[in-house]
Amino acid sequence: MGETVSLSLSRRHEVARALRAFLPARAVLFEEEDTRPYECDGLTAYRQLPMVVALPETEEQVRRILQLCASMRVPVVPRGAGTGLSGGALPLGDGVLLSMAKFMRVLRVDPRARLAVVQPGVRNAAISEAAAPHGLYYAPDPSSQIACTIGGNVAENSGGVHCLKYGLTVHNVLRVRGYTIDGEPLELGAEAPDAPGLDLLALAVGSEGMLFVVTEVTVKLLPKPQCARVIMASFDDVEKAGDAVAEIIAAGIIPAGLEMMDRPATRAVEQFVGAGYDLEAAAILLCESDGTPAEVEDEIARMEAVLTAAGAVRLAVSRDEAERLRFWSGRKAAFPAVGRISPDYYCMDGTIPRKRLGEVLHFIAALEKKYGLRCPNVFHAGDGNLHPLILFDANNAEELHRTEQFAAEVLEKCVAVGGTITGEHGVGVEKINQMCTQFRPDELELFHAVKLAFDARALLNPGKAVPTLARCAEYGRMHVHGGALPHPELPRF
Amino acid sequence: MQDQIRSAAARAAPLRLRGGGSKDFYGNPPRGELLDTRGYAGIVDYEPSELVLSARAGTPLAEIEQALAERGQCLPFEPPHFGEATLGGCLAAGLSGPRRAAAGALRDFVLGVKLVDGRGRMLEFGGRVMKNVAGYDVSRLVAGSLGTLGVIAEASLKVLPRPPAERTLRFDMDQPAALDAMNVWAGEPLPISASAWHEGALHLRLSGSAAAVQAAAPRLGGTEVADGAALWRAIREQTHAFFGGEEPLWRIAVPSTAAPLALSGAQLLEWNGGLRWLRSSAGAQEIRAAAKRAGGHATLFRARDKSSGVFTPLDPVLLRLHRGLKSAFDPAGILNPGRMYAEF
């Protein structure tokens, strides 16, 4: 035991020394008090101190760090702002945590070409701020947009509340530049509408930092709609609200945003931000229309008619921009609000076909009773993307265990109804076991082969996103759901 | 299909994947035994309120568009048919039509695929939901892969409502003025759904709610064209007079703001200037160099002589990645070998 500790200590010093040969001392952290802030990302239930943290400031430094790690066989975990919810940036105890936090510059905003070239550490919201003087904005708006970075958005293919109309990260990124683990430069996509060869950009977006490291991103900017209004519709029954969503789309309307919250969620939010939600309603829908004033007026009237016919008991339409933002403030603050009514919460991210919503919500309600845990629901209804939030206390190990079982059952239900275990948060370490439910061994094997085409020694973010077949066999046999790794010694990549 | 692939893999015999044959002209010449996907056809599932349609590879594209039209929906990327196109061929070619700059490209609407890889294994990626980040996004990678990674057996696509109102406007202007106008207007909140410039005339199509089209038209000016739909169909299907004749047709993709390309021959511009069709007998090297200087790339789209290569060559790192992916999906190298690049 003591020998292992001293071996790993000497390895740490060896790697740190090699990094300091070309990085300033402040950019190489290895003392515990310095590496502690990097021990987890937004999925705080999982923690691991990295062996070394590297904080490069230039592309050349990134290239050299990767080359060095490849030659020393040190695994590398890239990290943006650390807001990810699936543990994609969870460090490795024998690896380098590569923080891209210092890549914070907006390099170019080109209003004529409607694009921005930014470094990966630029915050999502900062892109829209930089584009605003030109009447343009960057559309994907994950709820963490004030903190999360575009590099992390690319890694996770992040969504937001306006995806149905404006798409995910993959639809709004034109080009990325970066380096392979061997330090070779790579440019995927283009400012032109497409690039020659296979669409590797599509493959790169959402690859959870496992294929290469991104050092520059070109995003599409859209003209800011002239105006937007939102309807808050109240329903006395959750299923009716779900049906109303389908009715709106069947009527040929693609709302700019279409969100649903159930009563436990609206009550939690209302105490926190005072968004003006209808607390008597079993569920509320937020339906946004944007465009020219004439278009919005027309669409709001059509949505009101559909919602009324679908059984909405009350409708409130935002009268001005302040009220619109207030209606949205509650939705965007849903996670922190829930964080205030419970010591901990566990956020899920399954996507289902919209028509199965009622069934899945009933299933979740039954699980609340089965596990004795509360679970408010917020839901990107237009996209079929559910975020049930299980409330628990992490200090109670038994409750954490119940939470993980609850979550695993929900995700497996999502797969069973034709959906997916993750809509926008990524697999990371969190949902790696459920990947065994969603994919067959042949498919997982192909994912591994794809990774090896980019990273032959599996050094980039190993152990995330794609389980080994051995792990799935273990998972299936042991029926260990969610959470804690039963056999951390199993090979993973 | 799986049996045919397994047998071909065992014999290392190349297979030529083909649907309706409408795009036999595209890419490097096909070779190998024929694998015809047309027997595997039919719409599997279509739920208008889910905005998702799933169909088998051999389903005629026309049948899919008909089914969508009956429910007031459409394929927003307006893929060309070029004849009796099938869904599988449409996805494998990855071509998008006039609405691409406004609505997105074909790959943006791919939600999931069932794919038979080069070992004859039926694999499933993505799904039938709008958001799905489980595993690598193989279904979008397969779009436009020209059958080099697998046989697309079935696909699920996101579909959208057809715009209730459309109007086509014509503006007389030269190419620099048209490029300027297209890029400026694309940066404003206007419902422009297609653009095309050719021989001194810029055409724009407005699509959206009646109110939006009504409001935008007077702001833009120009003159209304009576049969706009016919014009956009002719551009999409390349039946427009520009596309006739024997001269090689180049498809040049550049940043939309790139200056006019100084190349001999006639040009037709689409996608706010991002796509420049060129009829020219100029040398491939000259055309590729001009495209590269402008920040883009050139594809020899239609030509009798393709000896200069169809697609812009890849740099060594990208080529290595392509080869690695090819051997991951098709270790025996039997699926449409050489159709995209001679190297795989």
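This tour moves through a predicted model of two chains, A and B, naming at each stop what to select and what is found there.

**Stop 1: chain A as a whole**

Select chain A and display it as a cartoon. Chain A holds 18 helices and 18 strands. Along its principal axes, the C-alpha trace spans about 70 × 55 × 40 Å. What radius of gyration does chain A have, and what would a compact globule of 493 residues have? The value for chain A is 23 Å, and the value expected for such a globule is near 23 Å, so the two agree. Of the 493 residues in chain A, 56% are buried. Consider also the contacts in chain A between residues at least 6 apart in sequence: 70% of these join residues at least 24 apart.

**Stop 2: strand β12 of chain A**

Select residues 227-235 of chain A, which form strand β12. This strand is mostly covered, since seven of its nine residues are buried. Now add residues 283-291 of chain A, strand β14, which runs antiparallel to β12(A) and is joined to β12(A) by nine bridges. To see one pair, select I231(A), whose bridge partner in β14(A) is C287(A). Next add residues 314-317 of chain A, strand β15, which pairs with β12(A) in the antiparallel sense over four bridges. Here M232(A) stands opposite A316(A). In a regular strand, side chains alternate between the two faces of the sheet.

**Stop 3: where the chains meet**

Display both chains and select the residues of chain B that touch chain A. In this region, 64 residues of chain B are in contact with 76 residues of chain A. Several elements of chain B each give two or more residues to this side, including β7 (122-126), α6 (175-186) and α7 (210-220). Which element gives the most? It is α10(B), with seven residues. Colouring this side of chain B by residue type gives 30 nonpolar, 21 polar and 13 charged residues.

**Stop 4: a hairpin in chain B**

Keep β7(B) in view and add residues 110-116 of chain B, strand β6. The two strands pair in the antiparallel sense over five bridges. Within this pair, L115(B) stands opposite L123(B). Five residues lie between the strands of the hairpin, and G120(B) takes a positive phi near 80°.

**Stop 5: the eight-stranded sheet of chain B**

Select the strands of the open sheet in chain B, which has eight strands in the order β13-β10-β12-β11-β15-β16-β14-β17, with antiparallel pairing. Which strands lie at the edges? They are β13 (223-225) and β17 (297-302) of chain B, each of which pairs on one side only. Neighbouring strands are turned by 25° against each other on average, direction ignored. For a closer view, select residues 249-253 and 275-279 of chain B: these are β14 and β16, which run antiparallel and are joined by five bridges. I252(B) in this region stands opposite R276(B) of β16(B).

Now add helix α6(B), which packs on the sheet and touches β10, β11, β12 and β15 of chain B. The direction of α6(B) makes about 170° with that of β11(B).

**Stop 6: helix α8 of chain B**

Select residues 228-236 of chain B, helix α8, and show the side chains of W232(B), I235(B) and R236(B), which are buried. Why do these three lie on the same side of α8(B)? They cover an arc of only 100° around the axis, and therefore share one side of the helix. An α-helix has 3.6 residues a turn, so residues three or four places apart point the same way. The buried residues of α8(B) pack against β11, β12 and β15 of chain B. Just after this helix, Q238(B) takes a positive phi of about 55°.

**Stop 7: two further positive phi values**

Most residues other than glycine have a negative phi. Select W271(B), in the loop between β15 and β16 of chain B. Its phi is positive, about 55°, although W271(B) is not a glycine. W271(B) is buried, with 25 other C-beta atoms within 10 Å.

Finally, select N336(B), in the segment after α10 of chain B. Phi of N336(B) is near 40°, again a positive value in a residue other than glycine. Is N336(B) buried or exposed? N336(B) is buried, because 28 other C-beta atoms lie within 10 Å, and the cut-off for burial is 20 or more.

Note on methods
Residues are numbered from 1 along each chain as its sequence is written. Chains are lettered from A and ligands numbered from 1 in the order in which they are written. Two residues are in contact if their C-beta atoms, placed from the backbone, lie within 7 Å. Ala, Val, Leu, Ile, Met, Phe, Trp, Tyr, Cys and Pro count as nonpolar, Asp, Glu, Lys and Arg as charged, and the others, Gly among them, as polar. Two strands pair if DSSP finds at least two bridges between them. Axes are lines fitted to C-alpha atoms, for helices over the stretch in contact, and angles run from 0 to 180 degrees between N-to-C directions. The radius of gyration is taken over C-alpha atoms; the globule rule is 2.2 Å times the number of residues to the power 0.38. A residue is buried if 20 or more other C-beta atoms lie within 10 Å of its own, exposed if 12 or fewer, and partly exposed in between; C-beta atoms are placed from the backbone. The arc is that of the directions from the helix axis to the C-beta atoms.
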